[in-house]
Amino acid sequence: MLRFGAVGLLNTALGYTLILTGLWLGLGDIVSNAAGYAAGLTLGFFLNRRWTFTAAGGFRPGTAVRYAITFIVSYSANLGIVIAAMSAGIIENPFVHLAGNCLYTVIFYLGSSRFVFVGGADDAVAATNAKWPGVVT
């Protein structure tokens, strides 16, 4: 958990620095944000794979695909909280974003540890079954 948090701090620092740099260069919100998230996710993938979850073996494309899926699910849950709050009339509240970020972090950690960086499993279904007891295929 501590390693995952340390990697999160590093990729957040890199991503936010690139966002600010992009804004300073006049790239706009969308391009700056995309560049920051892309760099942070890339750094996070490699650090989590090699250090946090110490995945053995070489690079496997399936791992990157599962990482992307885990990001999409986590980020969607984050947006779900924000959209639900907006629907309830809670607009631009930093605590809503904090709650969304906490849910994102929990889902991303669980997905990374139980679905993405599974020791030696080449197949996502086999990896899921091995790490999630009770799953039947």
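Which helices do the buried residues of α1 pack against? They pack against α2 and α4, and that answer is a good way into this predicted model.

## The overall picture

Welcome to an all-helix layout: the protein chain has 5 helices and 0 strands, and along the sequence the pattern reads α-α-α-α-α. Of the 137 residues in the protein chain, 30% are buried. The chain exposes about 8500 Å², with carbon and sulfur atoms supplying 71% of that area. Contacts also reach across the sequence: among those between residues at least 6 apart, 58% join residues at least 24 apart.

## Helix α1 and its buried side

Let us begin with α1. Its 23 residues should span 33 Å at 1.5 Å a residue, and the end C-alpha atoms are 33 Å apart, so the two values agree. The buried residues in this helix are Phe-4, Val-7, Asn-11, Gly-15, Ile-19 and Gly-22.

Asn-11 deserves a second look. This residue of α1 has a relative accessibility of 17%, and because buried means under 20%, Asn-11 counts as buried. Once its neighbours within four places in sequence are set aside, Asn-11 is in contact with Gly-40, Leu-43 and Gly-44. Two of the partners just named, Gly-40 and Gly-44, appear among the buried residues of α2.

Leu-9 also belongs to α1, but with 64% relative accessibility it counts as exposed. Its C-alpha lies 9.5 Å from that of Gly-44, with the two positions 35 residues apart in sequence numbering.

Further along α1 we find Trp-24, which counts as exposed at 73% relative accessibility. Trp-24 joins Leu-25, Leu-27 and Val-31 in a nonpolar surface patch, and together they have about 490 Å² of accessible area. After α1 comes Gly-26, with a positive phi near 85°.

## Helix α2

Helix α2 covers residues 28-52, 25 residues in total. From first C-alpha to last, α2 reaches 33 Å, close to the 36 Å expected at 1.5 Å a residue. Its buried residues are Ser-32, Gly-36, Ala-39, Gly-40, Gly-44, Phe-45, Asn-48, Arg-49 and Thr-52. The cover over them includes α1 and α3. Beyond the end of this helix sits Thr-54, and here too phi is positive, near 35°.

## The nonpolar core

Which residues make up the largest nonpolar core? There are 10 of them: Phe-4, Phe-45, Phe-53, Tyr-67, Phe-71, Tyr-104, Phe-108, Phe-115, Val-116 and Phe-117. Helices α3 (61-87) and α4 (94-116) each supply at least two residues of this core, and the largest share, 4 residues, comes from α4. Phe-4 also features among the buried residues of α1, and Phe-45 among those of α2.

Val-116 is a helpful core member to zoom in on. Placed in α4, Val-116 is buried, with a relative accessible area of 1%. Leaving out residues up to four places away in sequence, Val-116 touches Thr-63, Arg-66, Tyr-67, Thr-70 and Gly-111. Tyr-67, one of these partners, is itself listed in the core.

## Partly exposed residues of α3

Is every residue worth visiting buried or exposed? Two residues of α3 fall in between. Val-73 is found in this helix and is partly exposed, with a relative accessible area of 45%. Met-86, also in α3, counts as partly exposed at 47% relative accessibility.

## Pairs apart in sequence

The table sets sequence separation beside C-alpha distance for four pairs.

| Pair | Separation in sequence | C-alpha to C-alpha distance |
|---|---|---|
| Met-86 and Val-96 | 10 residues | 9.2 Å |
| Val-73 and Ile-107 | 34 residues | 7.9 Å |
| Leu-9 and Gly-44 | 35 residues | 9.5 Å |
| Val-116 and Phe-45 | 71 residues | 9.7 Å |The last pair ties back to the core, where both Val-116 and Phe-45 are listed.

Terms used: Residues numbered from 1 in each chain as written. Predicted model: local features only at pLDDT ≥ 70, side-chain atom pairs only at ≥ 80, totals over all residues. Heavy atoms only, no water. Core = buried A, V, L, I, M, F, W, Y, C linked by side-chain atoms within 4.5 Å. Buried < 20%, exposed > 50% of the residue type's maximum accessible area, 1.4 Å probe, protein only. Expected span 1.5 Å × (residues − 1). Contact = heavy atoms within 4.5 Å. Areas by Shrake-Rupley, 256 points an atom, 1.4 Å probe, with all protein chains shown as cover. Patch = residues over 30% accessible without salt bridge, like charges linked within 9 Å, V, L, I, M, F, W, Y side chains within 5 Å. Salt bridge = Lys/Arg side-chain N within 4 Å of Asp/Glu carboxyl O.
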